[in-house]
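Q: I have a structure open and would like to go through it with you. Could we start with a detail of one helix and work outwards from there?

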Amino acid sequence: MDKKEFDIVWKMPVNKIGRFTLLLAVLFSFLPLGYLYIAEGVRLDFGTMLKSWGMIATVFGAMYIVEPLSFYSILGLSGTYMSFLAGNIGNLRLPCAAMALEITETEPGTHEAEVVSTIGIAGSIIVNIIGVTLCAFIGAAVIKVLPQPVVDGLKAFTAPAIFGAMFGQFAIKYPKLAIFGLGIPVAIRLVAPKTPAYIIIMAAVFGTIAIARLFHTAAAKKA
Amino acid sequence: MSPEVAKVANGIGPWLMASFIVMLVVVQAVLYVKLAYKTADKLKMSKEVCSKALQVGMVTAIGPVIAIFIIMVGLMAVIGGPMAWMRLSIIGAAPTELTAATVGAQALGVEFGGADYDLTALGMSWWTMAINGCGWLIMVGLFASQLETLREKVSGNDTRWLGLLTGAATLGAFGYLNSGNVVSGGGNLIAVLTGALMMVGLGFMYEKVPATKKMKEYSLGIAMIFGVFLAVVLS
């Protein structure tokens with residue numbers, strides 16, 4: 001299938017679904033607030049709302065732009081729409097997309113890879129929604145049954161273990177790049193601990209991509 | 001949360017309101033799966049590959065979702081069941097939502113979850129979580145297609161380079177996600193190292209002993225369990 005046909009068959013409907021669902025989600029985000037207003041008569045002061053918006057945007061505002069930009073080349077078009085609606089990108093969407101590609105032995109960067117990672121991410125979303133919905137009903141009861149060290153351990157160390165595992169999986173494939181992928185952000189944190197997160201993530205992702213480009217051009221020259 | 005506020009926050013109304021977004025997430029996933037299967041057919045990919053991808057996505061998700069489950073119980077206690085359910089179904093992980101809920105109360109000069117945390121403060125927490133999540137939703141909803149154009153320009157249809165670019169971006173992204181835990185040391189560092197070494201070790205095992213390749217799709221779960229276990233035992 002050539003690029004033009006793939007655009008029509010895949011990208012156009014992907015954009016349509018993505019745009020529609022994400023912008024509808026914006027609307028749906030405020031439904032609970034509307035309920036508080038109508039059913040409970042809660043009136044919020046407009047000035048305080050703006051103030052709070054400003055405060056939270058100071059913390060996360062840069063991430064609204066930096067995260068889609070940094071994760072895009074990993075997630076692809078449909079993967080980005082799904083991941084930025086459903087969240088849990090580093091600990092859930094990226095690992096599931098990567099494992100789906102790995103197990104089906106699909107070459108990354110191809111049309112087939114887009115299809116496979118999309119299905120992998122969708123699978124993770126289904127399990128995710130089942131998980132949180134179960135938790136809403138029986139969560140508190142389940143936690144009471146589990147021993148405290150298990151609860152504490154899973155809470156504290158699941159994310160670090162997953163992040164480490166994903167790094168390990170890709171480090172086997174690109175050992176030279178792995179040095180820079182981890183080296184750049186760790187060096188920044190050690191040298192300038194106050195550097196904001198959005199700068200560290202950009203430096204890590206785009207710095208490693210730049211190094212990869214150098215390797216790629218060098219290899220192309222040799223060949 | 002006072003009993004009166006908790007009663008409102010856990011009422012049937014908020015559950016209903018929250019269900020819209022949860023259903024929307026499911027609908028989007030189903031629409032994309034349908035489109036993916038249709039496109040796979042046109043790309044002459046086998047149905048088995050698609051079904052395998054779906055299965056792998058689901059199996060790989062189990063470990064991380066158990067962790068989300070446990071974290072959500074804590075979140076339910078402080079922001080109520082319906083909002084915890086809704087917020088953890090969409091963008092914004094638990095720490096992000098907690099920050100937003102706290103900031104909302106702070107803007108009002110009220111301590112989050114404190115004695116004067118009334119319905120207005122609850123409303124401010126809900127507002128701040130919603131408007132914060134919308135930052136990502138709006139950016140991606142409006143500009144994702146431009147990012148695709150950008151990627152096409154950067155990659156120039158060179159599949160080999162695009163593969164390498166994806167690998168580099170992944171290593172950079174997880175390098176960043178790991179960097180905080182590496183620098184902080186202790187149990188976090190142990191979890192990172194164990195997770196990474198397990199994946200490397202398993203990778204070698206699949207190469208050397210092809211019969212073990214069947215377990216490949218459980219790799220992440222195995223690495224996660226060992227990482228958490230050693231971090232708890234050694235720290």
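Q: Where does H2(B) bend, and by how much?
A: In this predicted model, H2(B) bends at Ser19(B), by about 25 degrees.

Q: What span should that helix have, and what are its end C-alpha atoms apart?
A: H2(B) covers residues 12–42 of chain B, which is 31 residues. At 1.5 Å a residue the expected span is 45 Å, and the end C-alpha atoms are 45 Å apart, so the two values agree.

Q: What follows H2(B)?
A: Lys44(B) follows H2(B), and it sits in the loop between H2 and H3 of chain B. Its phi is positive, near 60 degrees, and the residue is not a glycine.

Q: What is the usual sign of phi in residues other than glycine?
A: Most of them have a negative phi.

Q: Is Lys44(B) buried or exposed, and why?
A: Lys44(B) counts as exposed, because it has 8 C-beta neighbours inside 10 Å; the cut-off for exposed is 12 or fewer.

Q: Which residue of chain A has a positive phi although it is not a glycine?
A: That is Asn88(A), with a phi of about 50 degrees. Asn88(A) lies in the loop between H3 and H4 of chain A.

Q: Buried or exposed, in that case?
A: Asn88(A) counts as buried, because it has 27 C-beta neighbours inside 10 Å, where 20 or more are required.

Q: Changing topic: what is the secondary structure of chain A?
A: Chain A has 8 helices and 0 strands, so that its pattern along the sequence reads α-α-α-α-α-α-α-α. Its C-alpha trace spans about 70 × 45 × 45 Å along the principal axes.

Q: And chain B, how many helices and strands?
A: Chain B has 9 helices and 0 strands. Its C-alpha atoms fill a box of roughly 60 × 50 × 30 Å along the principal axes.

Q: What percentage of each chain is buried?
A: Buried residues make up 50% of the 223 residues in chain A and 54% of the 235 residues in chain B.

Q: How many of the contacts join residues at least 24 apart?
A: In chain A, 58% of the contacts between residues at least 6 apart in sequence do so. For chain B, residues 24 or more positions apart account for 62% of the contacts with a separation of 6 or more.

Q: How many residues of each chain are in contact with the other chain?
A: The contact involves 138 residues of chain A and 133 residues of chain B. On the chain A side, H3(A) gives the most, with 29 residues. By class, that side of chain A has 92 nonpolar, 36 polar and 10 charged residues.

Q: Which residues touch the most other members of the largest nonpolar core?
A: They are Leu85(A), Ala100(A), Ile119(A), Ala165(A), Val25(B) and Met72(B), in a core of 156 residues. H3(B) gives the most to this core, with 18 residues. The core also draws at least three residues from each of domain 1 and domain 2 of chain B.

Q: What is Leu85(A) in contact with, leaving aside neighbours within four places in sequence?
A: Its partners in chain A are Thr21(A), Leu22(A) and Ala25(A). From chain B, Leu85(A) contacts Val25(B), Gln28(B), Ile90(B), Ile91(B) and Leu137(B).

Q: You mentioned domains; what are their bounds in chain B?
A: The domain assignment gives domain 1 as 1–155 and domain 2 as 158–235. Their C-alpha centres lie 25 Å apart. The contact between them takes 6 residues from domain 1 and 9 residues from domain 2. On the domain 1 side, H3 of chain B gives the most, with 5 residues, and the residues of that side divide into 3 nonpolar, 3 polar and no charged.

Q: Last topic: what do the buried residues of H8(A) pack against?
A: They pack against H3 and H7 of chain A, together with helix H7 (159–184) of chain B. The buried residues of H8(A) include Ile200(A), Ile201(A), Ala204(A), Val205(A) and Thr208(A).

Q: Which span is expected for H8(A)?
A: Its 26 residues should span 38 Å at 1.5 Å a residue, and its end C-alpha atoms are 38 Å apart, which agrees.

How values were computed
Residues numbered from 1 in each chain as written. Chains lettered and ligands numbered in written order. Predicted model: local features only at pLDDT ≥ 70, side-chain atom pairs only at ≥ 80, totals over all residues. Contact = placed C-beta atoms within 7 Å. Helix = DSSP H or I, 4+ residues; strand = E, 2+ residues; numbered from the N terminus. Nonpolar A, V, L, I, M, F, W, Y, C, P; charged D, E, K, R; others polar. Domains from an automatic or database assignment. Core = buried A, V, L, I, M, F, W, Y, C linked by C-beta atoms within 7 Å. Expected span 1.5 Å × (residues − 1). Bend = angle between axes of the 7 residues up to and from the residue.
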